[in-house]
Each structure stands twice: as structure tokens, then as C-alpha cells.
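Let's take a friendly walk through a single protein chain, with charges and rings as our guides. Have the sequence at hand as you read.

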Amino acid sequence: MKRNADYYAALPYRVEITAIAEEEGGGYLARLPQFGRLGIVGDGETPEEALRELEAAKRERFAEYLAEGRAIPEPETEEEDFSGRFVVRLPKFLHRELVSAARRNEVSLNQYVVTLLTVNWRDDKIGGRLERLE
């Protein structure tokens with residue numbers, strides 16, 4: 001099949017639907033989270049209307065991406081197997097500060113860093129502070 005806007009629009013991207021606060025106009029927002037917080041969205045008075053708007057926005061945005069020669073990622077899968085391990089390089093001063101903080105808290109460096117990541121990840125997930133960089 002030719003990889004045009006219709007091809008990508010038909011792929012099973014994960015969709016999130018959220019209510020828009022009344023003070024922000026109310027209604028619903030449908031989006032493809034894989035493309036960033038406001039990358040590809042549709043809104044409407046009902047969830048169904050927001051989904052219809054999202055479908056139109058997908059085709060339009062995918063056509064724009066293709067015209068610009070931008071790569072369009074296929075849907076992310078939840079089936080990916082993760083080992084729970086990754087390597088991070090950081091400045092020596094930060095490594096020293098983290099080791100010091102872990103010792104003060106009487107935990108391993110690994111446990112301390114995992115705790116920091118977990119707390120901040122939860123805050124980010126709830127607050128949606130970070131946006132995907134394109």
C-alpha cells in the first residue's frame with residue numbers, strides 16, 4: 001500500500017480524550033499523544049465530535065508532513081519488552097551530589113535515583129509539563 005496521508009490516518013495510533021475545563025471553553029479534546037501534547041488534536045462539544053475533528057486533523061497533518069518530507073512514525077506498541085535498565089551519562093558534579101544525597105538518606109544510589117525519577121515522573125504525568133520535542 002502506498003504510504004500517503006490516508007495510509008497513516010488508518011493506522012491504530014493511541015488516542016486520548018479529555019474533558020476541557022469550563023473556564024477554558026468546555027467540551028472535549030481528542031489527541032494522538034505520540035505526536036506531542038498539542039501535535040495532532042481535535043476538539044468538540046462531545047467526545048464523538050472531538051474524534052471526528054481528530055480524524056480530519058490527522059489526514060491534514062499527515063499530508064503536511066509528507067509534503068515537507070518529514071518522517072511519520074508508525075504507532076508505538078505496548079508490547080515492547082523493557083529490561084528495566086538503561087545507562088545515563090551525567091556530569092561528575094551531579095554524580096557526586098547524587099551519591100552524597102543517597103548516603104544522607106541511607107539508600108543506594110540506584111534506589112535514590114529511582115525514587116527521584118518516580119516522584120518527578122508522576123508529577124509530570126499528572127501535570128503534563130513536558131512536551132515532545134520535534
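The report below starts with the overall fold and then turns to salt bridges, surface charge, aromatic rings and a few single residues.

**The fold**

Please keep in mind that this is a predicted model. The chain has 134 residues, and 25% of them count as buried. Its secondary structure amounts to 4 helices and 3 strands. Going along the sequence, you will meet these elements in the order α-β-β-β-α-α-α.

**Salt bridges**

Across the whole structure, a search turns up 8 salt bridges. Three of them are set out here, each with its N to O distance.

| Acidic residue | Basic residue | Closest N to O distance |
|---|---|---|
| Glu-74 | Arg-3 | 2.9 Å |
| Asp-6 | Arg-59 | 3.0 Å |
| Glu-16 | Arg-31 | 2.9 Å |

Let's begin with the salt bridge between Glu-74 and Arg-3. This pair connects distant parts of the chain, as Glu-74 sits in the loop between helix H2 (47-68) and helix H3 (92-104), while Arg-3 belongs to the segment before helix H1 (5-9). The two residues are 71 residues apart. Glu-74 has a relative accessible area of 33% and is therefore partly exposed. Arg-3, with 47%, is partly exposed too.

Next comes the salt bridge that Asp-6 forms with Arg-59. Here one helix is linked to another: Asp-6 lies in helix H1 and Arg-59 in helix H2, 53 residues apart. Asp-6 has a relative accessibility of 41%, so it counts as partly exposed. For Arg-59 the value is 37%, which again means partly exposed. The bridge does not stand alone, for Asp-6, Glu-55, Lys-58 and Arg-59 are linked in a network of salt bridges.

The third example, Glu-16 with Arg-31, takes us to the strands. Glu-16 is in strand S1 (residues 16-19) and Arg-31 in strand S2 (residues 28-31), with their positions 15 residues apart in the count along the chain. Is each partner buried or partly exposed? Glu-16, at 25% relative accessibility, counts as partly exposed. Arg-31 counts as buried because its relative accessibility is 18%, and the cut-off for buried is under 20%.

**A patch of negative charge**

Which residues gather in a patch of negative charge on the surface? They are Glu-22, Glu-23, Glu-24, Asp-43, Glu-45 and Glu-53. Within this group, Glu-24 is located in the loop between S1 and S2. With a relative accessibility of 64%, Glu-24 counts as exposed.

Another member of the patch, Asp-43, also leads us to a buried neighbour in space. The C-alpha atoms of Asp-43 and Leu-54 are separated by 7.2 Å, and the two residues are 11 residues apart along the chain. Leu-54 is part of helix H2. Its relative accessibility is 0%, so Leu-54 counts as buried.

**Aromatic rings**

The count of aromatic pairs in this model comes to 6. In one of them, the ring centres of Tyr-7 and Tyr-8 lie 5.0 Å apart with the planes at 85 degrees, so the arrangement is edge-to-face. Tyr-7 counts as buried at 12% relative accessibility, and Tyr-8 counts as buried at 8%.

Tyr-13 and Phe-35 make another edge-to-face pair, because their planes stand at 65 degrees, with the ring centres 5.3 Å apart. Tyr-13 is in the loop between H1 and S1, and Phe-35 is in the loop between S2 and strand S3 (41-44), so this pair ties together parts that are 22 residues apart in sequence. Both Tyr-13 and Phe-35 are buried.

How do these rings fit together? Tyr-7, Tyr-8, Tyr-13, Phe-35, Phe-62 and Tyr-65 form one aromatic cluster.

**A backbone detail**

Our last stop is a residue to look at in the backbone. Most residues other than glycine have a negative phi. Glu-106 is not a glycine, yet its phi is positive, at about 55 degrees. You can find Glu-106 in the loop between H3 and helix H4 (109-127). At 72% relative accessibility, Glu-106 counts as exposed.

Methods
Residues are numbered from 1 along each chain as its sequence is written. This is a predicted model: local features need pLDDT of at least 70, side-chain atom pairs count only at pLDDT 80 or more; totals for chains, interfaces and linings use all residues. Side-chain values use heavy atoms; hydrogens and water are left out. A salt bridge is a side-chain nitrogen of Lys or Arg within 4 Å of a carboxyl oxygen of Asp or Glu. Buried means under 20% relative accessible area, exposed over 50%, partly exposed in between (1.4 Å probe, protein chains only). Patches are made of residues with over 30% relative accessible area and no salt bridge: like charges are joined within 9 Å, nonpolar side chains (Val, Leu, Ile, Met, Phe, Trp, Tyr) within 5 Å. Accessible areas come from the Shrake-Rupley method with a 1.4 Å probe; for residues, only the protein chains shown count as cover. Lys and Arg count as positive and Asp and Glu as negative; His and the chain ends are not counted. The place of a charge is taken as NZ of Lys, CZ of Arg, CG of Asp or CD of Glu. Rings of Phe, Tyr and Trp (its six-membered ring) pair if their centres lie within 6.5 Å; planes under 30 degrees apart count as stacked, over 60 as edge-to-face and the rest as tilted.
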